[in-house]
Amino acid sequence: MNLKTAVILPVLAAGLLISRSVFCEEVPVQVLKIDDFDGKTMYNLLGGKTQGYEEAGVKCIPTFTDDPKERFGDTGASLKLDFDVTKNRSFAFYWSMLTVKKNTVVEGRKIEIMSFADLRGHDVLEFQLKDPQGGADFTIEIHEDVDGDGVYMMGIDRSSSVDVSPYIDRMATGKWQKISIPLIKFASIKDWSRLLEIVFVFKSGYGILKGTVYLDDLELVKYPPREIP
Ligand SMILES: [Ca+2]
Ligand SMILES: [Ca+2]
């Protein structure tokens, strides 16, 4: 490393630290909480169903913990995901539906319709994460309903996937940390008012194959416009 590089690198590192802390300290102007897991039910705060996945030797099992040593914050509960993708080329997932069934009356008849949660107007997906062992990795997949049938169909509907790994601070293993993913990273999603579900996917070949992660405060956030000096 020459002298010039030796000087520039710390300056760059300091710049990154400052921009990161400014981002984290900004107060959002809008927050849509998808789930805080405090109700310990398999429905999120929008009313959408949530579910894990299990087959022979492969799993992503959701449970809730209100143990003060495990949960996020001083009250309520957090989501605990026990995953196992040790089987070759396996994957397992937990999903939270962003659609809700609603009853309505049409020409005197009660019918059940599917309603999308309108998630427009946000710019960051945020959640709290704790990885007690370290080394867990997963992707977040968002599905958009293109044909309006309320079900995700590969090849017809849109899916966008983001690897969470670059957003995890590995120095914070064992502690709660806030993960912030700009929604622009979900590049294939065109209409945020037609989303079906958000899916946390664990795959063999990505991070540790078996373990537990804790999640809390899954939300969409809008920050005030950045002031350009
Ligand atoms: Ca909670
Ligand atoms: Ca569809």
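## Strands, a hairpin and two odd phi angles

Strand 4 and strand 5 run antiparallel here, joined by seven bridges. Keep in mind that we're looking at a predicted model. The protein chain works out at 14 strands and one helix, and 26% of its 229 residues count as buried. As for contacts between residues at least 6 apart in sequence, 73% link residues that are at least 24 apart.

**Around strand 4**

- Strand 4 covers residues 58–65, and in its pairing with strand 5 you'll find Cys 60 opposite Phe 83.
- Strand 4 also pairs with strand 3 (residues 53–55), again antiparallel, this time through three bridges.
- Within that pairing, Glu 55 of strand 3 has Val 58 of strand 4 as its bridge partner.
- The hairpin made by strand 3 and strand 4 leaves two residues between the strands, and Gly 57 in this hairpin has a positive phi near 75°.

**Around strand 10**

- Strand 10 (residues 139–144) pairs with strand 11 (residues 158–163) over six bridges, in the antiparallel sense.
- To find your way along that pairing, look for Ile 142, which sits opposite Ser 160 of strand 11.
- Strand 10 is joined to strand 13 (residues 195–203) as well, by six bridges and once more antiparallel.
- On the strand 13 side, His 143 has Glu 197 as its bridge partner.

**Positive phi outside glycine**

- Most residues other than glycine have a negative phi, so residues that break this habit deserve a look.
- One of them is Lys 40, which isn't a glycine yet has a positive phi of about 50°.
- Lys 40 belongs to the loop that runs between strand 1 (30–35) and strand 2 (50–51).
- How exposed is Lys 40? It's partly exposed, because 13 other C-beta atoms lie within 10 Å, and the exposed class stops at 12 or fewer.
- Arg 89 is another non-glycine with a positive phi, at about 55°.
- You'll find Arg 89 in the loop between strand 5 (78–84) and strand 6 (91–97).
- Is Arg 89 buried or exposed? Arg 89 counts as exposed, because it has 8 C-beta neighbours inside 10 Å, and 12 or fewer is the cut-off for that class.

Conventions
Residues numbered from 1 in each chain as written. Chains lettered and ligands numbered in written order. Predicted model: local features only at pLDDT ≥ 70, side-chain atom pairs only at ≥ 80, totals over all residues. Pairing = 2+ DSSP bridges. Helix = DSSP H or I, 4+ residues; strand = E, 2+ residues; numbered from the N terminus. Buried ≥ 20, exposed ≤ 12 C-beta atoms within 10 Å, placed from the backbone. Contact = placed C-beta atoms within 7 Å.
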